[in-house]
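Visitor: Please choose a single part of this model and take me through it closely. Then set it among the rest of the chain, with the terms explained as you use them.

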Amino acid sequence: MSTNELPVPPEAAAEAAQLRATLHHHAHQYYVLDAPELPDAEYDRLFRRLQALEAQYPSLLTADSPTQRVGGRVLDGFTPVRHAVPMLSIRTETDTTAGGAEAFDARVRRELALAEDAAPIEYAAELKFDGLAMNLRYEHGVLVQAATRGDGETGEDVTQNIRTIGQIPLRLIGATPPVLEIRGEVFMRRDDFEALNERQRALIAAGAKNEKTFVNPRNAAAGAVRQLDPAIAAKRPLSFYAYGLGEVQGWDVPATHSGLLDAVAALGLPVCEHRAVVQGAAGLVAFHERMAALRDSLPFDIDGVVYKVNDRALQERLGFVTREPRWAVAHKYPAQEQMTRLLDIDIQVGRTGKLTPVAKLEPVFVGGTTVSNATLHNEDETRRKDVRVGDTVIVRRAGDVIPEVVGVVLDKRPEDVGEPFDLYKRLGGQCPVCGSPIEREEGEVDWRCTGGLTCPAQRKQALLHFASRRAMDVEGLGDKLVDQLVDAGIVRAIPDIYKLGFTSLATLERMGDKSAQNLLAAIEKSKTTTLGRFLFSLGIRHVGETTAKDLARHFGNIDRLMDARVEELLEVNDVGPVVAESIRHFFDQPHHREVVEQLRAAGVYWPDEAGLASDAPRPLLGQVLVLTGTLPTLSRDEAKALIEAAGGKVTGSVSKKTNYVVAGEEAGSKLDKARELGITVLDEAGLRALLDGGTD
Ligand SMILES: NC(=O)c1ccc[n+]([C@@H]2O[C@H](COP(=O)([O-])OP(=O)(O)OC[C@H]3O[C@@H](n4cnc5c(N)ncnc54)[C@H](O)[C@@H]3O)[C@@H](O)[C@H]2O)c1
Ligand SMILES: [Zn+2]
């Protein structure tokens with residue numbers, strides 16, 4: 001620090017005071033409330049500006065400056081835990097290029113007063129996990145306490161929540177030292193995070209109050225760890241990697257950091273495999289680059305790598321400054337969250353008709369690429385975050401997940417900001433691609449275009465599905481070809497597939513005579529099919545392969561199915577109200593019936609199945625049965641087919657709606673449940689009597 005102190009200009013003093021106040025506010029939001037309002041990159045920028053001012057004018061430095069302290073505090077409701085060994089932060093090397101590693105190595109060598117030509121220093125290099133620090137205290141080999149970092153001196157007792165992390169052993173393997181504190185990072189994997197937010201969005205759509213989505217995996221992990229209800233914490237899957245030690249009594253600490261991690265792994269704790277022992281600055285740079293290439297494909301977020309002097313004796317010589325060790329540094333990667341301006345909101349029609357609001361952004365470099373579009377997920381989410389055109393928003397891009405807008409920086413909202421988002425109003429109730437009405441079913445998150453197969457946006461997906469192996473099985477009609485055919489305007493609707501001729505095909509790029517002939521042969525072959533496959537190929541929402549087969553078996557021919565009332569559809573095995581409505585809705589649209597007619601006219605053919613003759617007796621009409629155990633002569637499928645042919649329905653579990661339980665040999669809990677609910681239990685003979693029209 002400079003000794004020839006400069007007089008402090010009043011603007012600098014004012015700026016420093018302002019920065020301290022701003023950083024205090026955001027640190028509180030982030031560390032205490034788990035509700036950040038700024039991207040980390042922006043917080044770091046302000047933090048560095050304050051550091052620079054304090055370096056230039058040391059008299060500006062106050063003891064309570066955010067640059068001097070580790071930034072957490074104990075939240076009400078948690079028991080404070082005083083750390084035996086303080087939990088510190090790590091200095092960050094902000095130069096994200098090779099220069100960052102070189103600067104750290106040069107500093108270490110200078111502080112150790114090494115000669116220019118001294119041998120390179122050995123480092124342990126590891127990932128910097130983006131979660132929160134945890135101290136696990138084992139006494140005599142048993143986990144007795146887990147605590148957050150807090151302000152570094154005092155953390156929070158979160159033992160109950162940490163016990164729900166399956167990866168963390170409750171007892172160490174093969175060692176029972178009086179005290180062994182393991183330190184590491186609790187984090188949430190990216191897929192777990194996506195799934196959690198998906199569930200949260202569905203809960204919110206279903207009207208759940210007090211639920212929210214999380215900004216990023218770190219935020220979700222912090223929320224789960226500091227959850228007062230361990231039952232809720234248990235539903236939020238967390239992971240853990242160990243990277244160091246706290247207090248130790250009665251355990252021989254290995255002489256190197258890498259050896260220490262090996263020993264910790266041998267005790268049964270998870271230690272990340274992506275680590276290395278490297279020599280000198282060149283080794284650090286190589287590790288930094290190797291991990292950068294790996295970053296997107298890792299299943300969890302990292303915000304950089306960490307370098308640690310490997311020899312613990314050297315670590316001791318280097319010691320600590322205020323809030324960080326001198327022997328370690330975090331070398332960051334470009335941030336995965338950035339601020340930018342929201343220029344407009346577009347609405348995209350997905351391949352299944354789903355309408356997704358998409359943010360048009362002022363281009364911003366985030367997560368290693370320039371991003372100008374990001375998903376807003378759906379209408380509710382957009383409104384809940386109160387994202388409006390003109391706002392400054394936080395964009396996140398991590399791994400191969402599509403970029404998303406995770407929040408608004410309300411401080412920066414301009415006066416002329418746009419209206420709250422209203423998808424229906426915005427589109428005037430019409431699909432922006434085909435003009436069909438849009439709709440949103442109750443309990444559903446998404447608006448959808450009702451245009452179905454006539455909507456060009458949905459056409460490609462519909463064609464691919466139609467041609468897929470389990471549907472009409474047109475061999476060779478894949479992704480690329482469908483794109484080509486639709487883009488060239490050769491195929492506009494599904495029936496056009498059967499109008500394809502050799503000449504039009506042969507004009508396509510990369511399509512030789514031979515492949516054109518093969519494709520035509522495959523198309524011809526697909527004309528002979530079954531009703532089940534045909535129904536599946538139409539892509540009716542909620543009608544999968546099995547339901548399609550059940551429908552085919554039940555109705556026998558497509559005309560009866562197309563005219564079936566909802567109540568009749570409900571008689572089909574496993575068809576509930578949502579599926580029944582969806583089928584009815586599909587065939588209520590004239591263009592869908594048209595497609596069926598055109599396909600039949602083109603020569604698509606299937607034999608009618610026996611189905612139910614409409615005048616056959618149906619003694620089990622409206623009855624719900626459950627099968628359990630092994631019947632003496634009938635297989636499960638045979639019994640099911642007989643029941644369905646008699647108009648009955650077979651379900652998988654016993655409830656108050658069940659009329660009969662048919663029990664055979666080794667019937668299990670379903671039988672108990674039936675007895676509990678007082679439901680009539682039949683054996684095979686009893687079932688046959690029912691089928692023959694006998695009374696109950
Ligand atoms: N967005 C906001 O408003 C806001 C506010 C405050 C802080 N922050 C962010 O918090 C961070 C600063 O927090 P900090 O002081 O805790 O520093 P830090 O989180 O950047 O680094 C220290 C932490 O790194 C973790 N870590 C991960 N892998 C490690 C490894 N292999 N070895 C050792 N430690 C490892 C440990 O938990 C340790 O506590 C910055 O990224 C900052 O942007 C953001
Ligand atoms: Zn449409």
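Guide: What follows begins with one strand and its partners and then moves outward to other parts of the chain.

This is a predicted model, in which local features need pLDDT of at least 70 and side-chain atom pairs count only at pLDDT 80 or more, whereas totals for chains, interfaces and linings use all residues. Residues are numbered from 1 along each chain as its sequence is written, and chains are lettered from A and ligands numbered from 1 in the order in which they are written.

The part chosen is strand β15, residues 354-366. Strands here are DSSP runs of E with at least two residues, helices are runs of H or I with at least four, and both are numbered from the N terminus. Two strands are said to pair if DSSP finds at least two bridges between them. With strand β14 (residues 337-349), β15 pairs in the antiparallel sense over seven bridges, and Leu 355 of β15 is the bridge partner of Val 349. Leu 355 also stands opposite Trp 447 in β20, and this strand (residues 447-449) pairs with β15 over two bridges, in the antiparallel sense. Strand β16 (residues 369-375) runs antiparallel to β15 and is joined to it by six bridges, with Ala 359 opposite Ala 374 of β16. β15 and β16 form a hairpin with two residues between them, and in that turn Gly 367 has a positive phi of about 60 degrees.

A positive phi is also found at Asp 386, about 55 degrees, although Asp 386 is not a glycine. Most residues other than glycine have a negative phi. Asp 386 is found in the loop between α11 (379-384) and β17 (392-396), and Asp 386 counts as partly exposed because it has 14 C-beta neighbours inside 10 Å. In these terms a residue with 20 or more other C-beta atoms within 10 Å of its own is buried, one with 12 or fewer is exposed, and one in between is partly exposed, the C-beta atoms being placed from the backbone.

The chain is divided into domain 1 (10-68), domain 2 (92-332), domain 3 (337-427), domain 4 (452-526), domain 5 (531-601) and domain 6 (624-691), with bounds that come from an automatic or database domain assignment. Taken over C-alpha atoms, the centres of domain 3 and domain 5 are separated by 38 Å.

Helix α14 (residues 479-487) offers a second place to look, with Leu 481, Val 482 and Leu 485 buried. Seen down the axis of α14, these buried residues fall within an arc of 100 degrees, so they line one face of the helix; the arc is that of the directions from the helix axis to the C-beta atoms. Asp 479, Lys 480 and Asp 487 are exposed on the other side of α14. The buried residues of α14 pack against α13 (456-467), where contact requires that the C-beta atoms of two residues, placed from the backbone, lie within 7 Å. After α14 comes Gly 489, whose phi is positive, near 75 degrees.

Elsewhere, five strands form an open sheet of mixed pairing in the order β2-β13-β10-β3-β9. β2 (92-93) and β9 (276-279) stand at its edges, each with a single partner strand, so one side of each is left without a neighbour in the sheet. Within this sheet, β3 and β10 (residues 302-309) pair in the antiparallel sense over seven bridges, and Tyr 123 has Val 309 in β10 as its bridge partner.

As for the whole, the protein chain has 25 helices and 24 strands, and 36% of its 696 residues count as buried. Among contacts with a separation of 6 or more, 68% join residues 24 or more positions apart. The C-alpha atoms fill a box of roughly 105 × 65 × 55 Å, taken along the principal axes.
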